[in-house]
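User: I would like to learn how to read the strands of a sheet and their surroundings. Could we work through one case together, step by step?

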Amino acid sequence: MSERPSIASIMSQGGRVAGSQREIRIIDTTLRDGHQSLWATRMRTEHIASMAADFDGAGFEHVDLVAPIQFDVAVRYLKEDPWERVRIAHRLAPRTRFRALIRSRNLAAFDFLPDDVITAWVERLYANGFRSIGSFDGLNDVDNIAGGLLRAKHLGAETFGAVSFCESPVHTDELFVSKAIELIEKADVDRIMLKDAGGLLTPERIRSLVPALKDVIGQRPLEVHTHSLTGLAPLVCLEAAEAGADSLHLSIAPLATGNAQPSVQNVVRDLRALGYVVNVRDDVVQGISEKIRAIAAAEDKPLGVPIEYNGLHYMHQTPGGMLSNFRSQLATAGLEQRYDELLMEVARVRAELAYPIMITPFAQFVGTQAVLNVVTGERYKVVPNEIKKYVLGYYGQLLGDIEAGLREKILANGASDIPLEPTEPSPMLPTLHEHHPDESIDDHLLRAMFAGSQVDEMKATVAAGGNPDELPGNLLSIVKELYDKLPAGTRSLAAGDLRIRIQRGDNHAA
């Protein structure tokens, strides 16, 4: 069989005849992974609302909107109601098929949550508008996600199961194919997503992996999701299309490249040059891009910039957001000069722990252990609870064996109160309802994930008008200032749902 020509050779010959190729569909990631990767998930509801109507007419197959991290940042940092964000997006873009991604049985926590929370989470995603719901597990343990996917499918949602990719001796094409088959057999998913959170896919690997997956998933669409962490992602996307992928995950520049997905603008241009049909409206995409640039300029947010190839990334495979944290942690300990040593330690720890995929929560587990090894000067002298739980199987079945002798050291140096046999967490929702009888199930689910007063603080900020620095007392001062400046008569002001009518004269402001 003759070898398929490269993308470069095809394009150097002017591409193929227009219309001779099939359609490639685009799943947009701007509103979820784009700002997660480049803005630390700090896109606010008002930003999404300002662009939602544009997405409604852009021609994307799906628009990725939330994973648990969007709920986490909304509650803990932005002090916004993430469920209200979801409802606003669906209301403003009624023709858009927004999608939600579920992270195993953790959601936004590190430890597993009970089944009643996971089931209710899926049900509330559906009730709040999502008709495309998927899930991934960092160990590719399908048993951790099958129940939620089956519940979503029973409700009527289109479901997608993720085959999470990484490079290691145990992560072979045969393993990934077996996991795709397992997702179909155990969860009856409608689509398969090849999820490369670490940006590790290469053109060579995608040429073998996509056909292997297509051979076993039948008529189900295959999606490819990668990141631009090594500079190879745009070419990986083109090669994926050539190899048979049906949908590509892309983000709108400038919320693209860098740590994020390749840009819609550039990859769509090249797909069309190759002869593929891509039904995305360029003018609408350009309008969204301009709005993103305006937000970035107004709020001093970064723009996506291509990253130079870095071979060391394939050794440690650490997500981009964690690398800056590493530098900060070493600086605090006065060990800035040991940064490269830390990255090598990450690679070593990961290999010793049977090669967990470096995505949440396992990237955090491995990274924390590596930092402790470097800072203390003795490897595994201090063992976080999560590492001991990982070794004991609390998070699912490992794909390999822990390095000889290390398992005993971890168990000995880890917390003594962690049972050696994992147990199922007890149901949470009855207790939450008892303690908060006047709240909705949506609020109960947030409380299941966020400890302490975090949900109360978010709710208080929302009740105060959405900004903790602009409480009713400040609002009264603004109204009085307007009253003093306005001429006699009546003036009405409006901002969203807020209406203020000011009468100047012998009357009062209301």
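User: Is strand β6 buried or exposed?

Analyst: Keep in mind that this is a predicted model. Five of the five residues of strand β6 (residues 191-195) are buried, so β6 is largely enclosed by the rest of the structure. Arg191, Met193 and Lys195 point one way from the strand, whereas Ile192 and Leu194 point the other way, and all are buried.

User: How is β6 joined to strand β5?

Analyst: Strands of a sheet pair through backbone hydrogen bonds, and the pairing may be parallel or antiparallel. Here strand β5 (residues 158-164) and β6 run parallel and are joined by five bridges, with valine 163 standing opposite leucine 194 in β6. Between these two strands the chain passes through helix α8 (residues 173-187), in a β-α-β crossover that is right-handed.

User: And how many bridges link β6 and β7?

Analyst: β6 and β7 pair in the parallel sense over four bridges, and isoleucine 192 stands opposite leucine 222 in β7. The chain makes its way from β6 to β7 through helix α9 (residues 203-217), and this β-α-β crossover is right-handed. Strand β7 (residues 222-225) in turn pairs with strand β8 (residues 247-250) in the parallel sense over two bridges, where glutamate 223 stands opposite serine 247 in β8.

User: What do the eight strands close into?

Analyst: They close into a barrel with parallel pairing, in the order β1-β2-β3-β4-β5-β6-β7-β8. Neighbouring strands of this sheet are turned by 30° against each other on average, direction ignored.

Definitions and conventions. Residues are numbered from 1 along each chain as its sequence is written. This is a predicted model: local features need pLDDT of at least 70, side-chain atom pairs count only at pLDDT 80 or more; totals for chains, interfaces and linings use all residues. Side-chain values use heavy atoms; hydrogens and water are left out. Two strands pair if DSSP finds at least two bridges between them. Axes are lines fitted to C-alpha atoms, for helices over the stretch in contact, and angles run from 0 to 180 degrees between N-to-C directions. Buried means under 20% relative accessible area, exposed over 50%, partly exposed in between (1.4 Å probe, protein chains only). A crossover is right-handed if, with the strands pointing away from the viewer, the path from the first strand over the helix to the second runs clockwise.
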